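Student: I've got a structure open and I'd like to learn how to read its pockets and cores. Where do we start?

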Amino acid sequence: MNRQNPNMPPPTEDELQQMWSRITNEVKKRRQRRTRIRLAVSASVVILLTLSGVMYYDMQIRDDVYYAESADKKIILVDGSEITLSKGARLTVEKTFPSDTREVYLEGDAIFKVSKSKVHPFVVHGNGYETRVLGTVFKVVQKGKTFSVDLFEGKVSVYRKEKPSEYFVLQPKETFSNMGAKEIATVMKTEHKTDPSTSKDLKIDLNFTECPFELAIQTIEKNYGLKIIYPLELGQEDISITHHGNAEQIIKAIALQYNLNTKKINATTFEFEK
């Protein structure tokens, strides 16, 4: 049974309004606290999911990138292959490595010592060229437009990405180089790459594909240490020829293709004549 104080006057309208306002404010505060808690929980869940996604991406999806920032850097891949990056070089390895084909992407220079596998080729993707091996030791050098491969052990094939069917096979102590132009491919003994010789016994594999005549002559001069004089009007004509031989043999092959006569002025100077 409720009892009321007969001496207590009923609340006024203002007092009722104040009581109602206090009750309303308290309800609002409780709702706001519950909203903040829900937002905090939601934010925590989002953060956890984001962190989990980032960790999963780092561990399962994102490629591994190695960078030799200030000095040479040695890397050992999961298949046991050893790679030494030259200063400034960068190597990208797909997360799926090693798969059926072991593929890496190289910027700059590096020496590769590839673990042998008869069924899983190792492919180095370079600047416009690819080098494919099954297990060997070689060096890739990339400077500007120049791409070269020095082979130390085993056997490798080198080809332009645009023309994978046209490949060049290297034997130990041989060097492939494009001499700074995609229209050119040379294979020679590594010992001769920085020391041009005019020896008649020096033989080089030369491949010119729609190469400006002028550039082809410059390549021959550089590799054999020669001076070649030719009609200036031939300078911008394209030449396509594949030849293995010494200096006089390649000169005669070009002369035959252009119906020119050759003249040997001295041991290091030749001239094409119409």
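Tutor: With a bit of vocabulary: Asp, Glu, Lys and Arg count as charged, Ala, Val, Leu, Ile, Met, Phe, Trp, Tyr, Cys and Pro as nonpolar, and the others, Gly among them, as polar. Keep in mind that this is a predicted model.

Student: Okay, so how do the residues of the lining of the second largest pocket divide?

Tutor: Into four nonpolar, three polar and four charged. Among the lining residues are Lys116, Arg132, Val133, Gly135 and Ser157. β8 (129-133) and β11 (156-160) each give two or more residues to this lining.

Student: How does anyone find a pocket to begin with?

Tutor: Rolling a probe the size of a water molecule over the atoms shows where empty space is left. Here the second largest pocket holds about 210 Å³, and the largest about 330 Å³.

Student: Which residues are the closest to the centre of the largest pocket?

Tutor: Thr146, Ser177, Met179, Lys193 and Lys222, out of 14 that line it. That lining has four nonpolar, seven polar and three charged residues.

Student: And the cores?

Tutor: A nonpolar core joins buried residues through side-chain atoms within 4.5 Å. The largest one here has 30 residues, and Phe138 is one of those touching the most other members. β10 gives the largest share, three residues. Another core, of 28 residues, lies apart from it and includes Met188 and Phe208.

Student: What is Phe138 in contact with, leaving aside its neighbours within four places in sequence?

Tutor: Its contacts include Ile111, Phe112, Val124, Val149, Leu151 and Phe152, plus Thr131 and Asp150.

Terms used:
Residues are numbered from 1 along each chain as its sequence is written. This is a predicted model: local features need pLDDT of at least 70, side-chain atom pairs count only at pLDDT 80 or more; totals for chains, interfaces and linings use all residues. Side-chain values use heavy atoms; hydrogens and water are left out. On a 1 Å grid over the protein atoms alone, a cavity is a set of points where a 1.4 Å probe fits but cannot get out, and a pocket is an open set with protein on both sides within 12 Å along at least five of seven lines; lining residues have an atom within 4 Å of a point. Grid points are joined across faces, edges and corners, and a volume is the space filled by probe spheres set on the points. Helices (H or I, at least four residues) and strands (E, at least two) are DSSP runs, numbered from the N terminus. Buried means under 20% relative accessible area, exposed over 50%, partly exposed in between (1.4 Å probe, protein chains only). Contact means heavy atoms within 4.5 Å.
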